[in-house]
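Student: Hi! Could we walk through this one together? I'd like to start with the strands and then move on to the charges.
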Amino acid sequence: MAEGSKRQSFLGKQFAKHSTRAKERVLRSLGKADETKDKIFDEYVQHFNKQQAAASKLHKEINKYIQCVKAMSAASRSLYGFLREVYEEDWEGYNELNDLAETGELLWDDYQQRLTEQVYNPINTYQISFTDVKGRIAKRGRKLVDYDSARHNLEAVQTNPKKKDDGKIAKNQDAFIEAKRLYDELNNELLDELPSLYDGRIPLYANTFQITFAAESTFHGELSKVKNQLNDIMDKLAQAAAEGTYNIARQAGRDSDSYDSQPSPQLPSTPEQRSSLAKHYNVALPNDSKEDEVKHNEVMSAPSATPEDDTEYSVPRSSMENGDDEYVVGAVGGVSSNTYEEVQIGAQPSQITTDTSQVPSSEVQAPPPGNSNQGAVAMEIAAPSQPEEELPPGVLYKVRATHKYEKMDTDELSFEKGEIILVVPYDDPEDQDDGWLTGIRETDRVRGVFPENFTRKL
């Protein structure tokens, strides 16, 4: 019960205080009550508001500057990565180039860290301090209303010609003294603090931009040394390329007469050889093969020819597409019947056409060069394709981190080199910045934004 009564008493006092302040403000607006003015304090408040706006803009610009540095760092890292990828080991300055690329990446990282720790963090603390001061200025305004209200009440009791109540006068006198004390304490504190805060803006600006320019000067000075050394390596590489140091060997053109003529593939001369070939290709020979043997012997007894000889002979050609079951092993390992085609003896094996319509195209593989059995057709069953991995719902694709990244804002995502990140769409596409993605770290499902150039799409 006692706690309940205290709470009601507290709420009653608060309600009475708010009512008194509202009444005083209404009387002020109607011109029926005067307001205590302090021109010096009002000037301090104007300076404070101006200083707060400048601090907010400075904080925003420094943040944008650091974001641009991060983007340039990511772009530089990506460019160095491509250079290291295409630069071959036997080229001029291969080892030096890799070392210089790593040095450049370290310079970018050090530059970002220095800007964050020595520039961004102090500005952020400086901006937060305005919130406390602004709250005390608002409280001072409320205490001023209480002071004016108590002063008006005391004046009304003291100047009442009809009835003069000493007890009421004493009570209002005590309320006036207490209101004046509270107002004076807070007012004096702000009168001391606001000028000091406003004067402190100059050292802050000087220190902030001094550190920024010094860090930038040091960074560009060291980076220019790296660039100059890289430029020297490229000069040496260009000079070596101009001298033909890395040119590949070239083969001079030859006349057709200079090529070695290859003998025509030999046909199987005995039924045993034909039977062995038929068994190899899993085809059946007809029972009566005398007619085929006669045709085979006619071909084998033809006079030898050279590439320059224009004599033409008839060679059996496959006609299995016409439904003929007769089989004779020909010069290219195919199936032959009573159909003939005019070919030139001594022609290259690649010039002899083969009917492979009975062999599925997915199972045919060309013989390797230099194989003596060039007419053989190899059978091979194609391996089934591997099914693609299904992505979780809402995931656009996966990426793998090519470099380590440490976040600089609360909405960013840190990751180690080699980690897998699930890329998801932005909640609001208008918030997406160029070169930045939103993703979920696969290991612990933490979500955030990250630079695209630090990753590679899988």
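Student: In which sense do β5 and strand β9 pair, and over how many bridges?
Tutor: Happy to help, and keep in mind that this is a predicted model. β5 and β9 (residues 455-457) pair in the antiparallel sense, over three bridges. Within that pairing, Ala 401 has Thr 455 of β9 as its bridge partner.

Student: And how many bridges join β5 to β6?
Tutor: Four, and these two strands also run antiparallel. Here Lys 398 is matched with Leu 422 in β6.

Student: Is β5 mostly covered or mostly open?
Tutor: Mostly covered: of the five residues in 397-401, four are buried.

Student: What comes after β6, in the loop that leads to β7?
Tutor: Asp 431 is found there, between β6 (420-424) and β7 (436-441). Asp 431 also belongs to a negative surface patch, together with Asp 428, Glu 430, Asp 433 and Asp 434.

Student: Switching to salt bridges: how many are there in the whole structure?
Tutor: The search finds 19. One of them links Glu 222 and Lys 225, with the closest N and O atoms 3.8 Å apart.

Student: Where do Glu 222 and Lys 225 sit relative to each other?
Tutor: Both are in helix α5 (residues 201-242), three residues apart, so about one helical turn separates them. Glu 222 is partly exposed at 35% relative accessibility, and Lys 225 is partly exposed at 48%.

Student: Which residue does Lys 404 form a salt bridge with?
Tutor: Glu 406, with the closest N and O atoms at 3.5 Å. Elsewhere, shared partners tie Arg 77, Arg 84, Glu 102, Glu 105 and Asp 109 into one salt-bridge network.

Conventions
Residues are numbered from 1 along each chain as its sequence is written. This is a predicted model: local features need pLDDT of at least 70, side-chain atom pairs count only at pLDDT 80 or more; totals for chains, interfaces and linings use all residues. Side-chain values use heavy atoms; hydrogens and water are left out. Patches are made of residues with over 30% relative accessible area and no salt bridge: like charges are joined within 9 Å, nonpolar side chains (Val, Leu, Ile, Met, Phe, Trp, Tyr) within 5 Å. Accessible areas come from the Shrake-Rupley method with a 1.4 Å probe; for residues, only the protein chains shown count as cover. A salt bridge is a side-chain nitrogen of Lys or Arg within 4 Å of a carboxyl oxygen of Asp or Glu. Lys and Arg count as positive and Asp and Glu as negative; His and the chain ends are not counted. The place of a charge is taken as NZ of Lys, CZ of Arg, CG of Asp or CD of Glu. Buried means under 20% relative accessible area, exposed over 50%, partly exposed in between (1.4 Å probe, protein chains only). Two strands pair if DSSP finds at least two bridges between them.
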